[in-house]
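Let us read a structure together. Have the sequence and the 3D view ready.

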Number of protein chains: 2
Amino acid sequence: MDSTEATDRLLEAAEDLFYAHGVQAVGMDAVRERSGVSLKRLYQCFPAKNDLVEAYLLRRDERWRGSLRNFVHARGDDPLAVFAWLKNWFAEPGFRGCAFINSFGEFGEPPPGIAAAIRKHKDEVRAYLRSLVPDRSVADQLFALMEGATVLAAITGDPREADTAGEAAKVLLEAHLGVTTPAANRPRSS
Amino acid sequence: MDSTEATDRLLEAAEDLFYAHGVQAVGMDAVRERSGVSLKRLYQCFPAKNDLVEAYLLRRDERWRGSLRNFVHARGDDPLAVFAWLKNWFAEPGFRGCAFINSFGEFGEPPPGIAAAIRKHKDEVRAYLRSLVPDRSVADQLFALMEGATVLAAITGDPREADTAGEAAKVLLEAHLGVTTPAANRPRSS
DNA sequence: TAGACTAGAGAACGATCATTCTCAGCGCCA
DNA sequence: TGGCGCTGAGAATGATCGTTCTCTAGTCTA
């Protein structure tokens with residue numbers, strides 16, 4: 001097993017374990033066992049646990065955003081598709097909320113590399129939404145809805161938080177276009 | 001010092017320390033030092049650390065919601081006042097996000113009492129918003145905005161996340177009343 | 001004043017965990 | 001073939017921390 005494969009296996013194991021149980025609750029020994037990579041090699045690839053955590057977050061950021069981008073792009077880059085994707089995510093078996101928010105909560109004052117990875121993720125997601133929604137303010141409003149839905153879905157376990165946020169997003173987008181919004185949920189007023 | 005005063009001091013110290021540094025990062029010894037209550041007494045009041053954490057969360061829930069309720073009530077129970085209150089909170093010196101979301105992130109699988117305290121808090125806040133906003137769906141949308149703004153303010157450090165969410169809330173409330181929303185942010189179209 | 005209970009200070013215990021060290025084995029090159 | 005260097009397995013180290021224990025010194029009661 002060469003060094004790049006060891007790194008891959010370590011990151012795969014780290015992601016599974018860190019996301020499922022939290023960073024603090026997972027020992028390096030658990031990562032070793034799950035990855036099948038020896039401790040010595042582990043410390044060659046990542047000199048300290050925090051380095052592994054940082055790499056885990058950076059990798060998760062790429063994959064998470066890639067999945068979202070693909071899904072939304074396949075739906076014509078409709079901003080509302082973001083909330084459909086969220087609902088699928090919330091309903092996945094191992095869903096435990098946003099890895100970045102959880103990590104932020106785990107550290108009182110996160111180490112610099114980890115804090116940077118967390119901020120980078122949120123910055124990138126915000127930038128992505130701004131690329132989907134011409135108006136900056138509306139994009140930021142949708143971003144807040146996303147984050148809120150994610151947090152609430154994690155705590156309540158109810159994927160329908162995505163619907164709530166999606167409906168709000170729809171209203172915000174339409175309102176911005178200057179459309180007259182009928183009194184909500186009354187089917188008779190077409 | 002009688003038992004109730006010891007309990008008060010312990011909860012005061014616990015809240016300061018747990019909120020500022022996270023639950024895991026604070027040892028019982030730090031709580032002892034800050035509170036001035038001996039370890040023996042501490043364990044008489046709270047047989048295990050998790051009991052102290054649970055009591056901390058329950059107390060924080062009461063105080064946090066009390067502060068919000070007072071502020072909003074003084075403004076005629078206007079739902080938008082919630083976001084003004086949030087902005088003040090975000091700008092406070094020691095602001096570190098929502099204690100409950102942070103605690104949720106700290107534990108991979110939170111102990112039952114703690115999980116219950118976290119869910120209780122969110123349930124109560126949601127119920128409060130529903131009491132302010134007649135329409136259940138709109139109340140839940142505002143709730144998602146609140147949570148999102150809180151998370152983002154914690155990570156970015158920017159209290160203006162509250163403004164973003166507040167503007168969205170305003171649009172949602174007006175849209176629900178069937179008001180024609182003009183193209184956003186253009187002051188000329190009165 | 002004697003004695004029983006209690007509190008506080010802090011040592012001690014036991015567990016966990018990040019990180020390093022030891023050692024025995026194996027391949028590789030001369 | 002003989003030694004060099006790298007490897008994995010797992011023991012050892014050192015630190016932290018939740019929890020309990022010990023001991024000393026009151027303090028209140030009879």
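Q: Which helices each supply at least two residues of the surface near DNA strand C?

A: First, the ground rules. This is a predicted model: local features need pLDDT of at least 70, side-chain atom pairs count only at pLDDT 80 or more, and totals for chains, interfaces and linings use all residues. Residues are numbered from 1 along each chain as its sequence is written, while chains are lettered from A and ligands numbered from 1 in the order in which they are written. Helices are DSSP runs (H or I, at least four residues), numbered from the N terminus. Here chain A brings helix H2 (28–35) and helix H3 (39–45), and chain B brings helix H3 (39–45).

Q: How many residues surround DNA strand C?

A: "Near" means that the C-beta atom, placed from the backbone, lies within 6 Å. DNA strand C has 13 residues around it. Among the closest are A:Lys49 and B:Ser38.

Q: How many residues of chain A are in contact with chain B?

A: Contact means C-beta atoms, placed from the backbone, within 7 Å. Chain A uses 46 residues, and they meet 46 residues of chain B. H8(A) gives the most to chain A's side, with 14 residues.

Q: How are chain A and chain B superposed?

A: Two copies of a chain are related by a rotation about an axis and a shift along it. The fit is by least squares on C-alpha atoms of residues with pLDDT of at least 70 in both copies. Here the rotation is 180° with 0.0 Å of shift along its axis, and the RMSD is 0.0 Å. The two copies are therefore related as by a two-fold rotation axis.

Q: Which residue of chain A comes closest to the rotation axis?

A: A:Gly148 does, at 1.9 Å (C-alpha).

Definitions and conventions: Contact = placed C-beta atoms within 7 Å.
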